[in-house]
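User: I would like to learn how to read a metal site and its surroundings in a model. Please take me through one case.

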Amino acid sequence: MLQEIDYPISVQFDFESGTFDPVKVRTDRCVSDLALMFADKKVVQEIINNGDRLVYEIWYHPFETSKSDMALGVTRILPGKVGAEYHMTKGHIHERDDQPEIYFCIQGEGYLLLQTLDGDFRAERWTPGTISHIPPMWAHRVVNTGNKMLIFVASYHLSAGHDYQPIEEKGFKKLVVETDGKVAFIDNPHW
Ligand SMILES: [Fe+2]
């Protein structure tokens with residue numbers, strides 16, 4: 001017997017703005033939310049002291065049914081840097097180690113960083129239209145290295161869960177920074 005939550009739902013995505021309607025939840029992440037992630041703590045503190053700054057937004061719709069669940073998320077990362085380091089998402093690994101995810105780059109350019117708990121590291125170059133499969137057991141973060149908004153769509157099971165702790169403790173092996181006007185990957189001294 002179907003319950004009300006078991007019926008199909010559609011939302012409308014706007015390719016220009018990178019938003020969809022209706023949206024259930026919108027979450028803003030500011031520099032203060034990423035204080036543990038950005039490497040240049042002095043610059044982080046200066047930005048917070050000057051009123052903080054938006055780094056990215058997540059527009060989110062959980063589709064829960066009586067049998068299973070699926071989340072739709074759209075993330076919009078503003079262009080910019082904190083010190084030399086490009087704007088990026090916090091990065092997380094799924095609490096469940098059997099849960100993958102699909103990311104679809106709609107607009108902008110950058111990198112998807114992937115890393116296992118053992119330290120295997122990959123960086124996938126992103127341009128509009130890149131679709132990446134994030135296998136289970138890989139932490140993931142998106143970095144906006146371009147000069148306009150980077151927008152991507154994510155789809156995953158809600159039950160996958162988000163674990164930020166491994167990233168808060170050590171981060172990713174590489175920092176993505178601007179050096180002499182170019183994108184560079186440098187070793188993370190805290191790894
Ligand atoms: Fe994820």
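Analyst: The turns below go through the metal site and then a serine. The model is predicted.

User: Which residues coordinate the iron ion, and at what distances?

Analyst: Start with the donor atoms. His92, His94 and His140 each coordinate the iron ion through NE2, and Glu101 does so through OE, at 2.0 to 2.2 Å.

User: How should I read the arrangement of the 4 donor atoms around the iron ion?

Analyst: Ideal angles at a metal are 109.5 degrees for four tetrahedral donors. Four donors count as tetrahedral if all angles lie between 85 and 135 degrees. Here the angles subtended by the 4 donor atoms run from 84 to 164°, so the arrangement around the iron ion is irregular.

User: What spacing do the donors follow along the chain?

Analyst: The spacing for the iron ion is H-x1-H-x6-E-x38-H. Histidine 92 is in the loop between strand 7 (85-86) and strand 8 (101-107), while histidine 140 is in strand 12 (residues 139-144), so this pair ties together parts 48 residues apart in sequence.

User: Is histidine 92 buried or exposed, and what about histidine 140?

Analyst: Buried means under 20% relative accessible area. Histidine 92 counts as buried because its relative accessibility is 8%. Histidine 140 is buried too, with a relative accessible area of 1%.

User: Where is serine 132, and what does serine 132 touch?

Analyst: Serine 132 sits in strand 11 (residues 131-134) and is buried at 6% relative accessibility. Leaving out residues up to four places away in sequence, serine 132 touches Glu101, Ile102, Tyr103, Leu112, Glu124 and Trp126. Of these contacts, Glu101 also coordinates the iron ion. The side chains of serine 132 and tryptophan 126 are joined by a polar contact of 3.0 Å.

How values were computed. Residues are numbered from 1 along each chain as its sequence is written. This is a predicted model: local features need pLDDT of at least 70, side-chain atom pairs count only at pLDDT 80 or more; totals for chains, interfaces and linings use all residues. Side-chain values use heavy atoms; hydrogens and water are left out. Donors are N, O and S atoms within 2.8 Å of the metal (3.2 Å for Na, K and Ca); water is not among the atoms, so sites may look incomplete. Four donors count as tetrahedral if all angles lie between 85 and 135 degrees; four count as square planar and six as octahedral if opposite donors are over 155 degrees apart and all others between 65 and 115; anything else is irregular. Helices (H or I, at least four residues) and strands (E, at least two) are DSSP runs, numbered from the N terminus. Buried means under 20% relative accessible area, exposed over 50%, partly exposed in between (1.4 Å probe, protein chains only). A polar contact is a pair of N or O atoms within 3.5 Å; within protein, one must be able to donate a hydrogen and the other to accept it, and residues adjacent in sequence count only if both atoms are side-chain atoms. Contact means heavy atoms within 4.5 Å.
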